[in-house]
Amino acid sequence: MANQNAADGCEWMNMEGKSMRKSCLQMLFLSLALLPLNAYAATLYTEGFEYANNQAWIDSPWQDFSCTASELPGIMEISADRAFTGTKSLKYTYTGINQLKNCWMDRHYPAREEIWTREWLFVDPAFRSQFPPTKHIFNGGLVAGTGGYPNGWTSIGHADNQWGIGWQGTGSVASDSTIFTTPLPLGQWACIEVHLKMNTPNVANGIVQTWVNGTLKNNDTTFLMRRSSVTINGVWLNTSNANYSYNRLYRQHGLGVMYLDDLVVGDTRIGCGGTPPPPDTQTPSVPQNLSASAASSSQINLSWNAAT
């Protein structure tokens, strides 16, 4: 025997003298719990270099500075000379190989096995990379007792300033090299995107992809980065649990000037048009206008206005 309860629109079913109204409501709440919620990819950090001066940059979330604020000018400094957006960018000045003073600074984020980066880079027409190549941004992690290998550096090399990814500590001489792809546009802002994904240890399924102005320049989906832990003379050169957990900006070899702006690191592709929306942290609203109708003695149809 089946009845329709007018108060809540939930079908009553009597079985051995027991009401099934409670079971019906349990089904309703289970259905609501299974509704999908919107989710957004995480932006690990965004950097536009809009600091008042070098000291303000040192006092920011960046850390592990190798230079003081007074040492940064003429090496790597906050500059109003040019900017992609806003009024400032980070200016790199290179004066040759094995310069007397080099500077770096680090930005940490929660460890990931896969990261995406996007930056806007202006390379002066007179800039020339040298050998060793011009290291730009470090992508790696700090795993206790391992030295942080393997890791990759975005780099500029060869006489025509080709863009590439340089690898260290892969456990293979063949892999420990820079993969150069294409000459960078000079005298203009270029959008540089990088996608890196650690491989399953000892399995050649790592990902190394780069784009310049939206055009795919490197697409390696069989890269071997992590192996079983490797040590030589007690020094860790590779570890199977390596990850990505920080970036290092570095001024080292090269000759000339370049500018970095609008650097973004996240866990999905960011693109050249801007940054992803911020994470959705707002609690969903309660669904409205819930109604139920009996389709048969064993089926109830529910309808409601979705949560926002």
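**Close-up views of a predicted model**

**View 1. Which residues line the largest cavity?** Y45, T117, E119, I137, N139, T154, N247, L263 and V265 form the lining of the largest cavity in this predicted model. Strand 7 (114-123), strand 8 (134-140) and strand 18 (254-266) are the elements that give two or more residues to that lining. By type, the lining splits into four nonpolar residues, four polar and one charged. The largest cavity holds about 40 Å³ of space. With the cut-off set at 30 Å³ or more, the count comes to one cavity. Rolling a probe the size of a water molecule over the atoms is what shows where empty space is left.

**View 2. Zooming out: the whole protein.** Before going further in, here's the overall picture. The protein has two helices and 20 strands. Of its 308 residues, 44% are buried. Take the contacts with a separation of 6 or more: 64% of them come from residues 24 or more positions apart. The exposed area is about 15,200 Å², and carbon and sulfur atoms supply 54% of that.

**View 3. Strand 9 and its neighbour, strand 8.** How many of the seven residues of strand 9 are buried? Seven of the seven are, so strand 9 counts as mostly covered. In a regular strand, side chains alternate between the two faces of the sheet. Here, N151, W153, S155 and G157 point one way from strand 9, while G152, T154 and I156 point the other way, and all are buried. Strand 8 runs antiparallel to strand 9, and five bridges join them. Look for I137, which stands opposite T154 in strand 9. I137 and T154 also turn up among the residues that line the largest cavity.

**View 4. The hairpin of strands 9 and 10.** Strand 9 (151-157) and strand 10 (162-168) run antiparallel and are joined by seven bridges. Pick out two pairs to get your bearings: N151 has Q168 as its bridge partner in strand 10, and W153 stands opposite G166 in that strand. Strand 10 is mostly covered too, with six of its seven residues buried. The hairpin has four residues between the strands, and H158 takes a positive phi near 70° in it. As background for that angle, most residues other than glycine have a negative phi.

**View 5. N161, in the loop of that hairpin.** N161 sits in the loop between strand 9 and strand 10. Is this loop residue buried or exposed? N161 counts as buried because its relative accessibility is 2%, against a cut-off of under 20%. Leaving aside residues up to four places away in sequence, N161 touches F127, R128, S129, I156, T182, P183, L184 and L186. One of these, I156, belongs to strand 9, and T182 and P183 fall within strand 11 (residues 178-183).

**View 6. F180 meets the hairpin.** F180 is found in strand 11. Which residues does F180 touch, not counting residues up to four places away in sequence? They are P133, S155, I156, G157, H158, Q162, W163 and G164. S155, I156 and G157 are strand 9 residues, and H158 is the hairpin residue with the positive phi. I165 is 15 residues from F180 along the chain, with 6.7 Å separating their C-alpha atoms.

**View 7. A242, another buried loop residue.** A242 lies in the loop between strand 16 (235-238) and strand 17 (244-251). With a relative accessible area of 2%, A242 is buried. Now find L142: A242 and L142 are 100 residues apart along the chain, yet their C-alpha atoms are separated by 7.8 Å.

**View 8. Two positive phi values, N213 and D262.** Start with N213, where phi is near 55°, a positive value in a residue other than glycine. N213 is found in the loop between strand 13 (206-212) and strand 14 (215-223). Its relative accessible area is 38%, so N213 is partly exposed. Where is D262 placed? D262 is in strand 18, one of the elements that give two or more residues to the lining of the largest cavity. Phi of D262 is near 50°, again positive in a residue other than glycine. D262 counts as buried because its relative accessibility is 15%.

Definitions and conventions: Residues numbered from 1 in each chain as written. Predicted model: local features only at pLDDT ≥ 70, side-chain atom pairs only at ≥ 80, totals over all residues. Heavy atoms only, no water. Buried < 20%, exposed > 50% of the residue type's maximum accessible area, 1.4 Å probe, protein only. Contact = heavy atoms within 4.5 Å. 1 Å grid on protein atoms, 1.4 Å probe; cavity = no way out; pocket = protein on both sides within 12 Å on 5 of 7 lines; lining within 4 Å. Points joined across faces, edges and corners; volume = space filled by probe spheres on them. Nonpolar A, V, L, I, M, F, W, Y, C, P; charged D, E, K, R; others polar. Areas by Shrake-Rupley, 256 points an atom, 1.4 Å probe, with all protein chains shown as cover. Pairing = 2+ DSSP bridges.
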